[in-house]
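User: I would like to learn how to read domains and their contacts in a model like this one. Please take me through it step by step.

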Amino acid sequence: MKQLIELNINGRNYEVAVNPRDLLIDVIRKKIGLTGTKKGCGEGDCGACTVLIDGKPELSCIKLAIACQGQKITTIEGLAQEDGSLHPLQQSFVDHGAVQCGFCTPGMIMSSKALLDRNPNPSPQEIKHELSGNICRCTGYKKIIEAVEAAAKVWSQEGVK
Amino acid sequence: MSQKDTGSKWNLTPQGWNLEGVPAYQDQTRYTQVGRSVPRVDAPAKVKGEAVYTGDMTLPGMAYGKIKRSPYAHAILKKIDISKAQELPGVLAVLTGAEAPNRWGIVPQTANETVLALDKVRFYGEGVAAVAAIDEETAEEALDLIEVEYEPLPVLLDPFESMERAHEVLIHEDSPGNIMHQGEQVYGDVDKAFSECAYVLEREFHTNYPQHGFLEPHTALASYDPQSGQMHVWSSTQVPHYLHRQLSIVLEIPMNKIRVTLPTIGGGFGGKGEASSAEFAACLLSRKIGRPVRVTYERSEVFYTNKGRHPAHMKLKMGLDQDGYIKAVDFDNTMDKGAYSGWGVVVLFYTASMMHLPYKVPNVRFRGRSVYTNKPSTGAMRGLGGVQPRFAMECLLDELAEMMGVSPYELKMKNAIESGHTAVNNMFVPHSEYKKCLQTAVEKSGYLEKRGRLPFGKGIGMAGGYYISGTAYTLYQNYKPHTSVMIRVDTEAGVTLFCAAADIGQGSNTVMAQMAAEELGVFYEDVHVQAGDTEIGAFDLGSFASRLTYASGAAIKMACVEINQKLKETAAGMLGVRADQLVIKKREIYSMYETKKRLPWEKAVEAYTSINGSLVGLGNFSPPRRKGIDMISGNRVQGANIGHSPTYGFSCQVHEVEVDVETGRIYVKKVTEAGDCGTPVNPMSVEGQVEGSILFNIGGCLYEDQKLDASGKHLNPNFHDYKMPTMMEMPEMDTNIVESYDPTAPFGVKETGEGAVQPTFPALVNAIYDAIGVRFYSLPITPEMILKALKEKKEKEG
């Protein structure tokens with residue numbers, strides 16, 4: 001039985017009709033049309049589907065959409081600045097070669113953002129720990145860690161919302 | 001760095017170095033675009049979540065396809081009843097195997113796969129029927145309504161058992177002995193050479209059954225237009241051309257009525273190097289209903305149908321003379337093919353060629369066979385055919401060094417090949433910096449100081465390796481060029497490069513833009529790359545075998561010749577100088593003798609195109625053909641397409657490990673790597689390839705293995721139970737690009753995508769030996785194996 005719910009995604013309210021069993025990732029991708037959030041495994045193992053819910057990284061492929069009412073959801077599309085320029089984390093991923101096939105990238109950036117929001121100066125070990133739920137098969141992770149470290153510097157110097 | 005700009009090739013030594021000793025790729029007088037670490041052209045869209053992958057696409061009226069899969073690993077398909085599924089509201093079409101019986105396979109001589117099983121299933125998870133419905137939920141519901149009657153057959157999961165029991169169970173009727181293919185390659189007099197050796201050692205090695213683990217599951221979207229008869233397929237493939245060809249065979253539609261387009265691809269590593277049933281099912285269903293159909297695999301389906309690395313059961317014997325020179329190699333390899341042939345023949349003979357480099361080996365015997373089993377098929381996986389024999393050879397060399405009482409480094413340096421080497425099987429290496437790789441990695445890691453001197457539980461190990469670069473076969477026996485590049489220059493689009501090459505995340509679009517910009521004297525940002533489309537792009541064989549940088553580089557150079565010539569002629573008239581005195585660099589055309597005589601590049605383009613229209617150049621590349629009999633030496637040249645490789649990449653890795661003797665867990669602490677990739681077109685991308693390669697095969701060595709139960713059921717078809725390295729497993733990595741320039745290669749380039757995976761297994765295994773004094777011959781090396789081995793060692797030492 002479908003019901004109408006309201007989801008707040010990237011600062012905008014969307015009214016969507018969902019089944020109680022509908023997963024957040026499917027609603028975001030299919031009903032709302034934000035396809036930046038990726039589905040790599042569908043079982044909460046790879047982290048490609050990571051979005052922020054009230055600032056915390058969550059796996060949208062094992063999260064029921066209906067349970068997200070009244071919460072603030074941020075997806076990769078909600079990160080770029082208002083003038084279209086890149087968020088410092090995004091820019092840092094580009095500049096440091098932290099992107100290859102790009103399928104893990106949205107989830108990786110969302111997890112990184114949650115980390116830097118909480119801890120603007122993480123050690124490499126803290127970065128590793130925080131991002132260990134996001135699998136990347138292309139890069140060997142080194143450049144991702146470098147990108148997050150460099151973004152953290154910009155973050156602490158310039159301040160980012 | 002020198003800034004003077006005087007026809008710099010005159011300043012270069014034959015090795016590609018300028019007189020100041022600066023390697024060519026760093027010499028800005030020579031290259032301005034090649035050798036630059038530039039961000040990927042596709043990176044901004046990817047970090048914004050705007051890159052469109054096949055699974056992100058929807059078309060008006062699009063239906064969703066799903067495939068029903070067999071719960072048996074080997075069974076006769078007695079009956080399929082699709083009537084209930086057809087009646088389910090929302091179901092648009094149901095497809096069975098009989099509707100598309102033509103066999104497909106990337107190697108036509110052994111093609112034996114069908115879109116859906118015809119008369120029997122040969123592995124757990126093989127497709128038996130497909131459904132198109134208005135949404136995925138309805139399609140899934142319909143799958144449950146399809147009734148299939150099976151008659152189970154004995155299941156063969158081990159290649160040796162499969163050969164033994166072939167008289168009672170045949171997996172394919174036309175493959176006696178359950179052998180897909182077998183072969184022998186003998187060079188020199190191996191037995192005589194062994195009888196003269198001072199040191200001889202023979203060991204057996206067994207490798208595991210890992211899978212690629214790319215994050216984007218296979219997805220295909222097909223749209224058939226019943227009016228024009230045109231099929232348009234968007235797919236996550238790394239071989240648009242081979243997919244195109246297979247589609248033509250299966251659908252019985254001429255290739256010119258099929259168009260393959262690649263949206264963004266989420267990784268491949270060889271796993272998208274063949275067609276998949278997703279593509280065929282999407283096309284067939286779309287043709288049935290006249291609407292677009294998308295098939296996106298679940299992760300479990302990727303595990304069942306994707307073609308991981310062949311488990312190899314290898315016997316390797318090597319002999320050295322009293323001075324430590326390798327005299328003979330005898331290699332016997334039994335490969336586990338799984339259910340269908342795929343790349344099998346190619347992989348089998350690749351393993352044979354691995355014995356011939358990167359060491360001088362005068363006598364080589366290879367015997368190999370690829371054997372069918374009732375497992376998900378194996379195929380091309382990063383460093384295909386190289387990784388397994390490299391593991392065996394580099395570990396055996398370590399043992400032989402110990403036998404001789406020398407360091408493995410000394411033994412490997414002594415036998416390492418150099419530029420201009422011709423192997424006994426006639427593989428020709430025009431250029432090699434392999435010794436420099438060994439030296440760099442060993443010196444930077446402190447290998448010689450640390451080996452044998454670290455406390456128990458800590459260890460260091462080294463290994464080298466090589467891979468082909470720029471070669472391939474057209475597997476269906478055709479001599480056409482392997483890569484064609486068309487470049488268009490005009491005032492409307494600037495520079496546009498058309499090539500059907502597949503950027504699967506390795507960054508080929510960026511690298512092609514850099515090479516074209518270099519050759520045309522513009523900036524890489526000026527080049528628009530139109531790739532991955534069989535209709536728009538000029539022909540390319542695909543992204544596999546580390547061929548693309550070399551092949552596209554050569555074609556790009558050729559395509560630019562005529563463009564540059566025309567622009568120089570135009571500019572010569574405008575400047576009042578001779579055309580052959582003109583240089584084009586950084587968007588300027590100027591006389592190399594009178595540098596004040598110059599004009600902007602676009603002025604010449606404007607002048608030319610306003611009279612003649614767009615300027616178009618076409619370039620082709622074919623690798624040298626070295627198969628057959630050398631008429632002068634009488635040597636036969638063999639070894640799949642490796643024998644045709646125009647050049648080779650080399651590398652060395654040193655691994656440092658810590659073994660927790662309480663838990664058996666292995667921690668890789670540091671990896672020091674040195675690679676000869678020729679000119680690194682984009683050094684940042686090269687590092688990314690190397691770092692990714694190292695972690696890829698650390699996973700293969702320590703964690704990754706597909707497991708089946710006795711009935712052939714896949715036990716870990718998910719990322720929860722199939723463990724790949726996370727950031728926590730990442731070691732410190734010191735990767736080094738050794739100075740190298742292959743004067744025979746376009747821009748001096750070689751491969752880097754697959755060479756760097758080669759040394760990882762043996763370097764790690766050698767390091768574990770140094771740590772705990774136990775040699776392992778089977779992969780992956782699990783904590784249980786470590787604990788068992790330590791216990792046995794303790795009991796023995798008693």
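User: Which domains does the assignment give for chain A?

Analyst: In this predicted model, chain A is assigned domain 1 (3–78) and domain 2 (88–158). The centres of domain 1 and domain 2 of chain A, taken over C-alpha atoms, are separated by 21 Å.

User: How many residues of domain 1 of chain A are in contact with domain 2 of chain A?

Analyst: The size of an interface is often given as the accessible area lost when the parts come together. Here the contact is counted in residues: 15 residues of domain 1 of chain A meet 13 residues of domain 2 of chain A.

User: Which elements give two or more residues to the domain 1 side in chain A?

Analyst: On the side of domain 1 of chain A that touches domain 2, these are strand 3 (50–53) and strand 4 (56–59) of chain A. Strand 3 of chain A has the largest share of that side, with three residues. By class, the residues of this side of domain 1 of chain A are seven nonpolar, six polar and two charged.

User: What does the assignment give for chain B?

Analyst: A domain may be written as several segments joined by plus signs, as in domain 1 of chain B (54–153 + 215–267 + 272–305). Domain 2 of chain B is given as 312–473 + 633–797, and domain 3 of chain B as 480–621. Between the centres of domain 2 and domain 3 of chain B, taken over C-alpha atoms, there are 38 Å. Their contact takes 23 residues from domain 2 of chain B and 19 residues from domain 3 of chain B.

User: What supplies the domain 2 side of that contact in chain B?

Analyst: Strand 18 (458–469) and helix 17 (683–702) of chain B each supply at least two residues of the side of domain 2 that touches domain 3. Strand 18 of chain B gives the most, three residues. That side of domain 2 of chain B has ten nonpolar, ten polar and three charged residues.

User: Now a single residue. Where is B:Ile134 placed, and why does B:Ile134 count as partly exposed?

Analyst: B:Ile134 lies in the loop between strand 5 (127–133) and helix 3 (136–145) of chain B. B:Ile134 counts as partly exposed because it has 16 C-beta neighbours inside 10 Å, and a residue needs 20 or more to be buried and 12 or fewer to be exposed.

User: Which residues does B:Ile134 touch, leaving out those up to four places away in sequence?

Analyst: With those left out, B:Ile134 touches B:Ala63, B:Gly90 and B:Leu92.

Technical notes. Residues numbered from 1 in each chain as written. Chains lettered and ligands numbered in written order. Predicted model: local features only at pLDDT ≥ 70, side-chain atom pairs only at ≥ 80, totals over all residues. Helix = DSSP H or I, 4+ residues; strand = E, 2+ residues; numbered from the N terminus. Contact = placed C-beta atoms within 7 Å. Domains from an automatic or database assignment. Nonpolar A, V, L, I, M, F, W, Y, C, P; charged D, E, K, R; others polar.
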